[in-house]
Amino acid sequence: LEAVYRKQRLLVTAPSNVAVDNLLERVADAGCRSLVRLGHPARVQEELHKFTLDNVLYSSEQASLCRDIKKEIETILKPSAKGKASSAPRTGRGE
């Protein structure tokens with residue numbers, strides 16, 4: 001925790017998921033603001049899910065922008081996809 005108090009970067013590892021979660025709680029309680037918990041979300045304590053890599057990325061501004069762009073692209077491509085499908089000749093099996 002001394003590194004946290006000095007505003008230094010800190011990498012913490014432990015031999016089990018429970019131990020990592022315990023360390024994460026202590027570092028978070030010490031006031032560290034930028035934390036990321038690596039590991040499968042199913043193995044992380046429920047109250048620490050906000051620190052998982054998946055959650056941090058999903059809730060970022062960049063991810064929100066990407067979701068908006070994806071929606072716009074899908075909206076633009078929907079009419080063209082329908083037009084292509086209807087204009088292509090259909091052939092059934094065995095013909």
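**Exercise 1.** Work out whether Glu74 is buried, partly exposed or exposed in this predicted model, then find its salt-bridge partner.

*Solution.* Start with the relative accessible area, which is 40% for glutamate 74. Buried means under 20% and exposed means over 50%, so glutamate 74 counts as partly exposed. Next, look for a partner: lysine 70 forms a salt bridge with glutamate 74, with 3.9 Å between the closest N and O atoms. Finally, check the spacing. The two sit four residues apart in helix α4, so about one helical turn separates them.

**Exercise 2.** Two salt bridges turn up in total; track down the one made by Arg37 and say what it ties together.

*Solution.* Go to arginine 37 and you'll find aspartate 21, with the closest N and O atoms 2.9 Å apart. Now place both ends: arginine 37 is in the loop between α2 and α3, while aspartate 21 belongs to helix α2, so the pair links parts 16 residues apart in sequence. Last, check burial: both arginine 37 and aspartate 21 are buried.

**Exercise 3.** Place Leu24 in the structure and name the nonpolar core it belongs to.

*Solution.* Leucine 24 lies in helix α2, residues 17–29. Its relative accessibility is 9%, and the cut-off for buried is under 20%, so leucine 24 is buried. Beyond residues up to four places away in sequence, leucine 24 touches Leu35, Arg37, Leu48 and Phe51. Take Leu48: it is 24 residues from leucine 24 in sequence, yet the C-alpha atoms are 8.1 Å apart. The largest nonpolar core then reads Leu24, Val27, Leu35, Val44, Leu48 and Phe51, six residues in all.

Note on methods:
Residues are numbered from 1 along each chain as its sequence is written. This is a predicted model: local features need pLDDT of at least 70, side-chain atom pairs count only at pLDDT 80 or more; totals for chains, interfaces and linings use all residues. Side-chain values use heavy atoms; hydrogens and water are left out. Buried means under 20% relative accessible area, exposed over 50%, partly exposed in between (1.4 Å probe, protein chains only). Contact means heavy atoms within 4.5 Å. A nonpolar core is a set of buried Ala, Val, Leu, Ile, Met, Phe, Trp, Tyr and Cys residues joined through side-chain atoms within 4.5 Å. A salt bridge is a side-chain nitrogen of Lys or Arg within 4 Å of a carboxyl oxygen of Asp or Glu.
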